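Visitor: Please take a close look at one part of this model, the packing between its helices. I would like the contacts, the charged pairs and the exposure of the residues that take part.

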Amino acid sequence: MATKTAQPADEALGYEQARDELIDVVRRLEAGGTSLEESLALWERGEELAKVCRRWLDGARARLDAALAEEAGDDEEAEGEE
């Protein structure tokens with residue numbers, strides 16, 4: 001059985017696209033009725049999609065942290081000028 005790895009197109013997936021596909025994968029797994037091989041393929045795809053989502057969320061967190069740190073630095077400079 002060939003295992004699926006991250007497809008190159010996964011890198012280009014936006015957060016919402018990956019999330020929506022992940023939701024579909026979870027629904028299909030929860031509904032049952034798939035063979036073991038199909039279930040494993042769905043699970044592997046879900047894992048890859050979850051990684052894509054995590055990368056987007058980690059990137060958003062880093063940008064937010066950077067913006068907050070910059071704002072805090074600007075506030076400290078303004079206080080020092082008073």
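Guide: What follows goes from the whole chain to the core, and then to the residues around the core.

This is a predicted model, in which local features need pLDDT of at least 70 and side-chain atom pairs count only at pLDDT 80 or more, while totals for chains, interfaces and linings use all residues. Residues are numbered from 1 along each chain as its sequence is written, and side-chain values use heavy atoms, with hydrogens and water left out.

The protein chain has 2 helices and 0 strands; helices (H or I, at least four residues) and strands (E, at least two) are DSSP runs, numbered from the N terminus. Helix H1 covers 15-31 and helix H2 covers 36-81. H1 has 17 residues and spans 24 Å from its first C-alpha to its last, close to the expected 24 Å at 1.5 Å a residue, where the expected span is 1.5 Å times one less than the number of residues. After H1 comes Gly32, with a positive phi near 75°.

Of the 82 residues in the protein chain, 16% count as buried. Buried means under 20% relative accessible area, exposed over 50%, and partly exposed in between (1.4 Å probe, protein chains only). The accessible surface of the protein chain is about 6400 Å², and carbon and sulfur atoms account for 52% of that surface; the areas come from the Shrake-Rupley method with a 1.4 Å probe, and for residues only the protein chains shown count as cover. Where contacts in the protein chain join residues at least 6 apart in sequence, 76% of them join residues at least 24 apart, a contact being heavy atoms within 4.5 Å.

The largest nonpolar core has 7 residues: Leu13, Ala18, Val25, Leu42, Leu49, Val52 and Cys53. Such a core is a set of buried Ala, Val, Leu, Ile, Met, Phe, Trp, Tyr and Cys residues joined through side-chain atoms within 4.5 Å. H1 and H2 are the elements that give two or more residues to this core, and H2 gives the most, with 4 residues.

Cys53, one of the core residues, touches Tyr15, Ala18 and Arg19 when residues up to four places away in sequence are not counted. Tyr15 lies in helix H1 and, counted in that way, touches Cys53, Trp56 and Leu57. At a relative accessible area of 24%, Tyr15 is partly exposed. The C-alpha atoms of Tyr15 and Arg54 are 8.8 Å apart, with their positions 39 residues apart along the chain.

The charged pairs come next. Side chains of opposite charge can pair when their charged atoms come close. There are 4 salt bridges, a salt bridge being a side-chain nitrogen of Lys or Arg within 4 Å of a carboxyl oxygen of Asp or Glu.

One of them joins Arg45 and Glu21, whose closest N and O atoms are 2.8 Å apart. Arg45 is in helix H2 and Glu21 in helix H1, so this pair ties together parts that are 24 residues apart in sequence. Arg45 is buried, with a relative accessible area of 11%, whereas Glu21 is partly exposed at 29%.

Arg19, a contact of Cys53, forms a salt bridge with Asp20, at 3.1 Å from N to O. Arg19 is partly exposed at 31% relative accessibility, and Asp20 is partly exposed at 42%.

Another salt bridge links Arg54 and Asp58, with 3.7 Å from N to O. Both of these residues lie in helix H2, 4 residues apart, or about one turn of the helix. Arg54 is partly exposed at 49% relative accessible area, and Asp58 is partly exposed at 43%.
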